[in-house]
Every structure is written in C-alpha cells, then in structure tokens.
Amino acid sequence: DPVDCERCRVCRLRDLNPSPSYTVAGQTHPKVVEREGEAYRDRLERLGALLGIAESVNYRPNYHDPATLNALVASADVVVLPYDSREQVTSGVLTEAVAAGIPVVATAFPHAVELLTDATGLLVAHQDPAAMAEALRTLLTQPAQAASMATECARLTSDLEWSTVADTLVRAGRLSTGHTAREDRLLRAVDAMIGAGDVPQA
C-alpha cells in the first residue's frame, strides 16, 4: 500500500531537525469505502501510532475543493505522490505542484516521468521506501537544490500558460504524424488540468 509505505518513509526521516510533518489530504477512495468503510484509514492511524509517528502525521480526510487543495499544495515544502499504479497517466495535484513552484517527489508513473524530467522534481521506483525517503531527505536538507527545482517549475509553468498551450495545440494539430517531446508533455499537462477542472472560463 503506498500510504503504508509512506509511514516507513516518515520513520526514516525522524532524525532530521526540525522533524518533518506529513499531511495526508483527501477522502478515502469510494471503492475502498464501499468495500470496508473507513477501516483502511483506521488501520493507517493505528500503524502511525505503533511506529511512533502519530504526531508527525496530519490527516485531512474531508473533501477539498480546488481552491483549498491548491492552497494546501502551495503551503508544502515538498509534494509527495506515491502512486502505486504504473498506469497513472494524469495527476491534477502534480500539475498544481509544478504550477505553484513546489518540488515533487513521485513514483515513476507516466505523467510524473513526462513532467518531472526537466529537473522539477525527483522520481523514485515504485514500492521503494528507502529511495523515497532519500529523495525527501535531499530536498529537505539541500535548500539550493529545492530552489533550483522551483526555478525550473516556473520555467515549465510558462510553457503551461494557456496562450502557449493553445499555440502548441494548433501546431500539434497541423502535424500529420507525431509530436515533439515538448508538445507531448504539454498535451499531457493539458489533459491533467482539464481533469482537475483547471480550465479557463469564458
């Protein structure tokens, strides 16, 4: 389980001073609730207590509207996306983190691979708590690297402005075969923003 693994990562960072805090935001997946109610979340809380990290983990289990979620993302030092799926093609939170200039540590799901290859974050293998913890340690203890990633986020965000995206879509639509790597990255980011509801209003 990706969040269970995250508990192990938090344990590996307890030696840092100040000790990092970890926020788990969002409701339990509806399919999980249908199958077992909130037993999953209860299990996570018990595990945190057993590992001695309960005070470092803040659960925010309510629904977060886009504005609230964006503010939460922007308040973070690092956004962690430990997706277990290797087929996750879009992530609205990933797009929001990059737009907010927040470094990201993510498992190597497709959207993260495409969006974080420009030094805007760190990719780690799936189900590798040690690698995730080391990536988090790097960003939390090396502010220069985190600042460099924030700069790269700003550069990439300029590519995601709607005027740039529209131009890319027009040019991509004129191509009879294939897109450039940059166009593919922007098109994927557009899909994520549309999925997250981050589309311009008329």
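**Exercise 1. Take stock of the fold.** How many helices and strands does the protein chain have?

*Solution.* Start with the secondary structure: the protein chain has ten helices and five strands. Keep in mind that this is a predicted model. Next, turn to burial: of the 202 residues, 38% count as buried. Then look at the contacts with a separation of 6 or more: 61% of them involve residues 24 or more positions apart. Finally, consider the surface, where the chain exposes about 10700 Å². Carbon and sulfur atoms supply 54% of that area.

**Exercise 2. Read a strand and its partner.** Which side chains of strand E2 (residues 57–60) are buried, and which are not?

*Solution.* Walk along E2 and you will see the side chains alternate. Val-57 and Tyr-59 point to one face and are buried. Asn-58 and Arg-60 point to the other face and are not buried. Now bring in the partner: strand E1 (residues 22–25) runs parallel to E2, and four bridges join them. For a landmark in this pairing, find Asn-58 again, which has Thr-23 opposite.

**Exercise 3. Check the length and faces of a helix.** What span should helix H3 (residues 39–51) have, and where do its buried residues lie?

*Solution.* Begin with the length. H3 has 13 residues, and the expected span is 1.5 Å times one less than that number, so H3 should span 18 Å. The C-alpha atoms at its ends are 18 Å apart, in agreement with the expected value. Next, list the buried residues of H3: Tyr-40, Arg-41, Leu-44 and Gly-48. Viewed down the helix axis, these fall within an arc of 100 degrees, so they line one face of H3. Arg-46 and Leu-50 are exposed on the other side of H3. To finish, step just past the helix: Gly-52 takes a positive phi of about 75 degrees.

**Exercise 4. Explore the surroundings of one residue.** Is Ala-106 buried or exposed, and which residues is Ala-106 in contact with, leaving aside neighbours within four places in sequence?

*Solution.* First locate the residue: Ala-106 sits in strand E4 (residues 104–107). Then compare its accessibility with the cut-off: buried means under 20% relative accessible area. Ala-106 has a relative accessible area of 0%, so Ala-106 is buried. Now collect the contacts beyond four places in sequence: Leu-81, Ala-112, Leu-116, Leu-122, Leu-123, Val-124 and Met-132. As a last step, try a distance: from Ala-106 to His-126, 20 residues away in sequence, the C-alpha atoms are 8.9 Å apart.

Technical notes
Residues are numbered from 1 along each chain as its sequence is written. This is a predicted model: local features need pLDDT of at least 70, side-chain atom pairs count only at pLDDT 80 or more; totals for chains, interfaces and linings use all residues. Side-chain values use heavy atoms; hydrogens and water are left out. Helices (H or I, at least four residues) and strands (E, at least two) are DSSP runs, numbered from the N terminus. Buried means under 20% relative accessible area, exposed over 50%, partly exposed in between (1.4 Å probe, protein chains only). Contact means heavy atoms within 4.5 Å. Accessible areas come from the Shrake-Rupley method with a 1.4 Å probe; for residues, only the protein chains shown count as cover. Two strands pair if DSSP finds at least two bridges between them. The arc is that of the directions from the helix axis to the C-beta atoms.
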